[in-house]
Amino acid sequence: MGLLAVVVACFLVDLLVSRPPLRSVAGGLLPRLRRESVYTAVSLLGANVMPHNFYLHSALVAGQARGAVAAAAAAAAAAAAAPAAQKRAAGGEAAEAAATAAKTVRALCLYNFLDIGAALGVALVINVAVLLVSAATFHSAGEDEGGYEG
């Protein structure tokens, strides 16, 4: 978390130093897609959505959810193996364990949603800062987008 804060702080300082024109920045928030900029738009979308983030978080939640479901299954198996008098009491425990597992999975999904949202939000801020610093720096140096094609 500390390293991430350093990266964000560095880009904020870069933004202050490069001083991008705020009117142009605000105008760039309105989406406009021209035929010659489709490839750039698709590449930026792919770079910013970061599907690996979704896969990683889904895998983490799935592993934790399997543990909760396994605990509920173990409680149900213990209830089934108990003598008849204990089955009535254990049946209630198994139902309680299943309800607890369902609550745990719901909570894990909520935390997954919040974690992905926070990660993508911070990534969005950093990516916007990268684009603004690059555009302001190259524009002030007299470079334009046509200078990089072969």
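Mentor: A salt bridge is a side-chain nitrogen of Lys or Arg within 4 Å of a carboxyl oxygen of Asp or Glu. The structure is a predicted model, in which local features need pLDDT of at least 70 and side-chain atom pairs count only at pLDDT 80 or more, while totals for chains, interfaces and linings use all residues. Residues are numbered from 1 along each chain as its sequence is written, and side-chain values use heavy atoms, with hydrogens and water left out.

Trainee: Why is the pairing of glutamate 36 and arginine 34 called a salt bridge?

Mentor: Their side chains meet at 3.1 Å, N to O, and the definition asks for a nitrogen and a carboxyl oxygen within 4 Å, so the pair qualifies. By this rule the count comes to one salt bridge. Side chains of opposite charge can pair when their charged atoms come close. Glutamate 36 and arginine 34 are both exposed (over 50% relative accessible area; buried is under 20%, partly exposed in between, with a 1.4 Å probe and protein chains only).

Trainee: How many disulfides are there, and by what rule?

Mentor: A disulfide is a pair of cysteine sulfur atoms within 2.5 Å, and by this rule the count comes to zero. As for the cysteines at positions 10 and 109, cysteine 10 has a relative accessible area of 43% and is therefore partly exposed. Cysteine 109, at 44%, is also partly exposed.

Trainee: What makes serine 18 buried or exposed?

Mentor: Serine 18 has 19% relative accessibility and therefore counts as buried. Serine 18 is found in helix α1 (helices are DSSP runs of H or I with at least four residues, strands runs of E with at least two, numbered from the N terminus). Leaving aside neighbours within four places in sequence, serine 18 is in contact (heavy atoms within 4.5 Å) with Val133, Ala136 and Thr137.

Trainee: How does the span of α1 compare with the expected one?

Mentor: The expected span is 1.5 Å times one less than the number of residues. Helix α1 has 17 residues and reaches 24 Å from its first C-alpha to its last, close to the 24 Å expected.

Trainee: What comes just after α1?

Mentor: Arginine 19 takes a positive phi of about 45° there, although arginine 19 is not a glycine. Arginine 19 is found in the loop between α1 (2–18) and α2 (22–27). With a relative accessible area of 67%, arginine 19 is therefore exposed.

Trainee: What makes Leu110, Tyr111, Phe113 and Leu114 a patch?

Mentor: Patches are made of residues with over 30% relative accessible area and no salt bridge; like charges are joined within 9 Å and nonpolar side chains (Val, Leu, Ile, Met, Phe, Trp, Tyr) within 5 Å. These four residues form a nonpolar patch on the surface, with about 480 Å² of accessible area together (Shrake-Rupley method, 1.4 Å probe, only the protein chains shown counting as cover for residues). Leucine 114 lies in helix α5, and leucine 114 is partly exposed because its relative accessible area is 47%.

Trainee: Why is valine 130 called partly exposed?

Mentor: Valine 130 has a relative accessible area of 31%, and therefore falls in that class. Valine 130 is found in helix α5 (residues 84–140). The C-alpha atoms of valine 130 and leucine 12 are separated by 9.7 Å, although the residues are 118 apart along the chain.

Trainee: What are the totals for the chain?

Mentor: The chain has five helices and zero strands, and 17% of its 150 residues count as buried. Among contacts between residues at least 6 apart in sequence, 82% join residues at least 24 apart.
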